[in-house]
Amino acid sequence: MATSDVQRHAQNGNGESDSFALSMIWPMVRAGLWGFTAYFAVAWITAMLAHTVIVNPLPATLGYVAGLIGWIMGSGIWEGWIRRAFGGEEAPALTGVERYFRFSSDPKATATRYVVFNIVAFLFAGLAAMMIRIQLLTPDSTKWWLSEIHYNQTFGIHGLMMLLAVAASVIVGGAGYYLLPLMLGVRNVVYPKLLGLSWWLLPPAAVAVFMSPLIGGFQTGWWGYPPLAQNSGSGIVFYALGAATLLTSSVLGAINVVGTIVYMRAKGMSLGRIPMFVWGLFAAATIMVVSAPATFTGTLMDLSDMILGSHFYTGPGGHPLAYDDQFWWLFHPEVYVFVLPAFAAWLEILPTAAQRPVFARNWAIAGILGITMIGPMVGVHHFFTAVSPARMPIFMTLTETISIPSGFVFLSALGTLWGGRLKLSSPALLCLMAMMNFLIGGLTGIFNADVPADLQLHNTYWVVAHFHYTILGSVIFTWLAVLYWWFPKVTGRMVNEAWAKFHAWWFFVFFNMTFLPMFYLGIDGMNRRIAVYLPYLHSVNFFVSISAFFLGAGFIIPGVNLLWSAFRGSKATQNPWGSKSLEWHSVSPTPYTVFPEGREVVVVGPNDNYAAGASEPFVWVPTTPGK
Amino acid sequence: MAMEKSGSLMDPASERAKRGAFFFLMLFAGIIAAAWDLARFVWGGTGIPKEADFGLGIGMGVLMLLSIAPMWAARRKLDRGDETGALGNFSALLIVSLIMLAGIVYGWRAVPIGTGYGGIFDVTSGWLGLYFVGGALALLASVMKGKRVPQRFKDERWVAYNVLSFWGFLVTSWVIFVLIFYVA
């Protein structure tokens, strides 16, 4: 079937109905079946041969690898990619709703699965956060709630999942992979199958981390620091394997992002005309490709110490501090992987909301790229308490330098608003709230980077407050903004504005009531990662916990709102926000083939010129048949 | 169920894009290999234990250097449009990759993993072994596709080019490995 036929077929909604339900459900069921079967078969055989039990590190590791392969093969990758690559029968790609439930090379389906996965991961990791706050309702809750060991497991799972299964992909995965081709004027990314694979790596990794308590859990928090890791319970192998798999998933997406931007832009889309959001994706992807290897190797060396008998970080010849360097080489700039797409989303949403061009656009791009370049060099500030004095001033200076390019982006956003007539829609409101939160998170980060202050604040609740302001306060607020902003593009319907704004204020108020007191707790001497604390800290902790429960419960509102609006929301026009950006120049909801056969877009001007009477930035030209 | 064949408008990247973007994948893989190589000096010091199998390492290095010949021959044939002719060279590289895998596993017996040098040697060569597994599978896929569906092999020439580029990456990675672990 030619693609033009597919277009008509998909647009008319005349998909054949035979075996429809089965075709939707079967790949997921098969993937799970093959995954679990492979896991238990290999883990069991290994345990038998190694004269050990199935939950020991080696059987768990080999079982995980087998289970991962079984899962991705069952998802449809075998007939959709592998078999064909070896010269086998060419399986047709499904273009209907079935593609959302199996391996697919359609980036829109992949991105939609990312959104669903992120929401589910956020729910479970959020429940872990609620368990943590229940624990801290009283100074010692170990008698009636979690033991110290289970408390450690809980905050480790919460941290790892919130960072790698939520923050790392909420904007890049859900919005980025959907919008990248649309914003660049192409029908797909450079390696669509690789992008499809990236999502299928997520569920097994998340299941492994969430299930790690079943094989002993891990005590290290989300860092996995040796030598505690080696004495931490077998669950640490699920931590290491899950983290490595999640990183691999991010890298597969990053390679697609960079390759697509470099090689597949529409005609006339020079570097200066690339949308701001795409610049944010480019920066995040660059960090992943360049910085992930160091952390990837550290994680695998940690694992090697546990299952192969090497001594990279343990024993007389081990260098545990080397792990810290490797770990933070990526995981500090990983914060920018989260936040740079959020910055870029502000600069995509606010100009439209204010009907003003991006202020100092080139400086904003320079800021984004500046953060990208400096980011990987600053990780040592996470362990000032463990390094020689010679390293301190160097990394203090480098870290504080980050403020300068960050300031470029902030000033660009503020300058864009200046003199504009801001239409305060829920996405714009959430962007402003995210900016406010990030300002607090960023300013308090300067104290963490400053050696004398850091030696006092290190490992206290000050740090917990700081990074929640940057990640939850900035990235997750922006995630909601992004979901609301591009919701009409994906579904053809509007989100209920009243409920969206109500929740935005709910979120803002209870977020600040939860995390602002943590700065005080940190200064007042409360260490992080402790299940039992001194009684004088009780009243503030009690207040924080109650606020956190309201904060967590509030997420029912956007959950219901998004679901309800997807089916019952008011119908959206093609370009409800009045944006000049290219993605709004196609039909909403986006059809399977977003740019139809027979014409292509040529960029002839900037996509943020909102002056009265400004010409359209895009023209459509006919193409030769078949293209 | 609406269906679409692969290789249609919904995979619009040009051959230039498919081949060019592959660089980023190799860049990522290369940085990992470099990280392992550099780690040799952290954990293995600068000395080379006498148990290290120098002959095996150099022999495998020479084999990889010799494999440049079929790699270039295959590339020239692809440039000329002689895709079928390149399959013999792909098969030769496949055999080399299997020999390399066997050599890597055999090399693990020399120095115990519990020592600094042995640990980083085994992990680094093991990681490069994973690259060889990937290379062998890609070569096997190319050979099978070239024989079973020659037209598709020709239409998707970028895949064959990328496989050869990856082989060039493997040669480079292995030579650097030999220099660092057996010579430096």
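Visitor: Which residue follows H1(B), and what is the sign of its phi?

Guide: Gly45(B) follows H1(B). Its phi is positive, near 65°. Bear in mind that this is a predicted model: local features need pLDDT of at least 70, side-chain atom pairs count only at pLDDT 80 or more, and totals for chains, interfaces and linings use all residues. Residues are numbered from 1 along each chain as its sequence is written, while chains are lettered from A and ligands numbered from 1 in the order in which they are written.

Visitor: What makes a stretch a helix or a strand?

Guide: Both are DSSP runs, numbered from the N terminus. A helix is a run of H or I with at least four residues, and a strand is a run of E with at least two. Chain B has 7 helices and 1 strand. Their order from the N terminus is β-α-α-α-α-α-α-α. Chain A has 21 helices and 3 strands.

Visitor: Why is chain A called as compact as a globular protein of its length?

Guide: Take its radius of gyration, computed over C-alpha atoms. The globule rule is 2.2 Å times the number of residues to the power 0.38. For 627 residues that rule gives 25 Å, and chain A has 24 Å. The two are close, so the name fits. The C-alpha trace of chain A spans about 70 × 60 × 45 Å along its principal axes. For chain B, the box is roughly 60 × 30 × 30 Å.

Visitor: How do you know that H1(B) has the span expected of a helix?

Guide: The expected span is 1.5 Å times one less than the number of residues. H1(B) has 29 residues, which should span 42 Å. Its end C-alpha atoms are 42 Å apart, so the values agree. H16(A) passes too: its 24 residues should span 34 Å, and its ends are 34 Å apart.

Visitor: Why is Pro57(A) called buried?

Guide: Count the other C-beta atoms, placed from the backbone, within 10 Å of its own. At 20 or more a residue is buried, at 12 or fewer it is exposed, and in between it is partly exposed. Pro57(A) has 23, so it counts as buried. It belongs to helix H3 (residues 57-85) of chain A.

Visitor: What makes Leu429(A) buried?

Guide: Leu429(A) has 22 other C-beta atoms within 10 Å, so it meets the cut-off. It sits in H16(A). In that helix, 17 of the 24 residues are buried. Across chain A, 55% of residues count as buried. In chain B, the share is 41% of 184 residues.

Visitor: Which residues is Pro57(A) in contact with, beyond its sequence neighbours?

Guide: A contact means that two C-beta atoms, placed from the backbone, lie within 7 Å. Leaving aside neighbours within four places, Pro57(A) is in contact with Ser234(A), Val237(A), Met306(A) and Ile307(A). On the same terms, Leu429(A) touches Leu424(A), Lys501(A) and Ala504(A).

Visitor: Why do the buried residues of H3(B) count as lining one face?

Guide: They are Pro70(B), Met71(B) and Ala74(B). The arc is taken from the directions from the helix axis to the C-beta atoms. Here it is 105°, so the three line one face of the helix. They pack against helix H4 (83-107) and helix H7 (157-183) of chain B. On the other side, Ile68(B), Ala69(B), Asp79(B) and Arg80(B) are exposed.

Visitor: What makes a set of residues a nonpolar core?

Guide: The members are buried Ala, Val, Leu, Ile, Met, Phe, Trp, Tyr and Cys residues, joined through C-beta atoms within 7 Å. The largest such core has 236 residues. Met161(A), Trp346(A) and Ala481(A) touch the most other members. Helix H18 (residues 461-491) of chain A gives the largest share, 21 residues.

Visitor: How many residues does each chain bring to the contact between A and B?

Guide: Chain B brings 38 and chain A brings 53. H1(B) gives the largest share of chain B's side, 15 residues.
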